[in-house]
Structures are given as structure tokens and as C-alpha cells.
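Please walk me through this structure step by step, in full paragraphs that a first-year student can follow.

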Amino acid sequence: MSVRHYPARPIESEPGETPCTAIIPPDPRGWDTIAVHEWELRRVEWTDRHPFDETNYVLEGVLHVESDGQVVVAGAGDTVTVTAGSAGHYWAPDYARMLAVYSPNPDGLPSDALGYRAL
């Protein structure tokens with residue numbers, strides 16, 4: 001198939017989770033292309049670790065990212081990548097909306113959700 005179509009979906013969340021929607025959803029068995037999510041943080045922080053690179057493009061607001069002792073403060077139009085195997089700690093003291101692009105994960109290796117907390 002040379003063209004793939006992913007119909008629009010609203011941003012959703014479960015209570016106590018970050019609002020997120022899969023634009024190009026990852027296959028839990030693994031994927032050999034990119035996966036893309038849109039997500040929002042409102043006065044919350046989130047920490048996770050992936051077996052693949054996670055690149056976040058900030059659409060609105062300000063996103064703080066810490067990984068391996070390095071802290072980046074990214075505003076609208078900025079891009080931040082946390083490399084595979086590193087824990088990424090993300091927080092928005094007020095608000096941030098991002099596109100998260102995941103690099104391929106052909107073996108479907110699991111990610112670790114390490115924490116979520118309201119600020």
C-alpha cells in the first residue's frame with residue numbers, strides 16, 4: 001500500500017492521564033515506520049522510558065524536558081528528542097500541546113510509564 005490514511009480522532013484521556021490521541025497509532029506487536037501522537041499537558045508532569053526515540057514538536061505553550069541530567073525548555077516551534085533507552089521527564093507548569101513522533105520499534109519492545117503527577 002503506497003498511501004495510508006488515518007482519520008481524525010479527538011484528543012482523549014482516562015481520569016488521571018495525559019490527554020492524548022494517536023494520529024498514526026503504534027502497533028503493539030511492533031512498527032517499522034513512525035508513530036505519531038498529539039498530546040497536551042496542563043500543569044502536570046510525566047516520566048517515561050521508550051526503547052525508541054521520542055521526538056516532540058511543541059505546537060503551543062512551553063514544554064520542559066529533562067533526560068540524563070540535561071534540561072531543555074521548549075516553546076512553540078521547538079523540537080526536543082529523548083533518545084531510545086533514556087528516561088524522559090516532561091512537564092508543563094501551565095500548558096503545552098505537542099506532536100510526539102516515535103521512531104520505529106519493529107520488535108514491539110515495551111515502554112515504561114514511570115510517573116504522572118499534577119503540579
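Val-73 sits in strand E4, which covers residues 70-75; strands here are DSSP runs of E with at least two residues, numbered from the N terminus. Together with Val-62 and Val-71, Val-73 forms a nonpolar surface patch with about 240 Å² of accessible area. The model is a predicted one, in which local features need pLDDT of at least 70 and side-chain atom pairs count only at pLDDT 80 or more, while totals for chains, interfaces and linings use all residues. Residues are numbered from 1 along each chain as its sequence is written, and side-chain values use heavy atoms, with hydrogens and water left out.

In strand E6 (residues 87-102) we find His-89, whose C-alpha lies 6.7 Å from that of Asp-48, although the two are 41 residues apart in sequence. Leaving aside residues up to four places away in sequence, the residues that His-89 touches include Trp-46, Thr-47 and His-64, where contact means heavy atoms within 4.5 Å.

Two residues other than glycine have a positive phi, and they can be taken in turn. Arg-43, in strand E2 (residues 35-49), has a phi near 50°. Asp-68, in the loop between strand E3 (54-67) and E4, has a phi of about 50°. Are these residues buried or exposed? Arg-43 counts as partly exposed because its relative accessibility is 44%, whereas Asp-68 counts as exposed because its value is 65%; buried means under 20% relative accessible area, exposed means over 50%, and partly exposed lies in between, with a 1.4 Å probe and protein chains only.

Terms used. Patch = residues over 30% accessible without salt bridge, like charges linked within 9 Å, V, L, I, M, F, W, Y side chains within 5 Å. Areas by Shrake-Rupley, 256 points an atom, 1.4 Å probe, with all protein chains shown as cover. Salt bridge = Lys/Arg side-chain N within 4 Å of Asp/Glu carboxyl O. Helix = DSSP H or I, 4+ residues; strand = E, 2+ residues; numbered from the N terminus.
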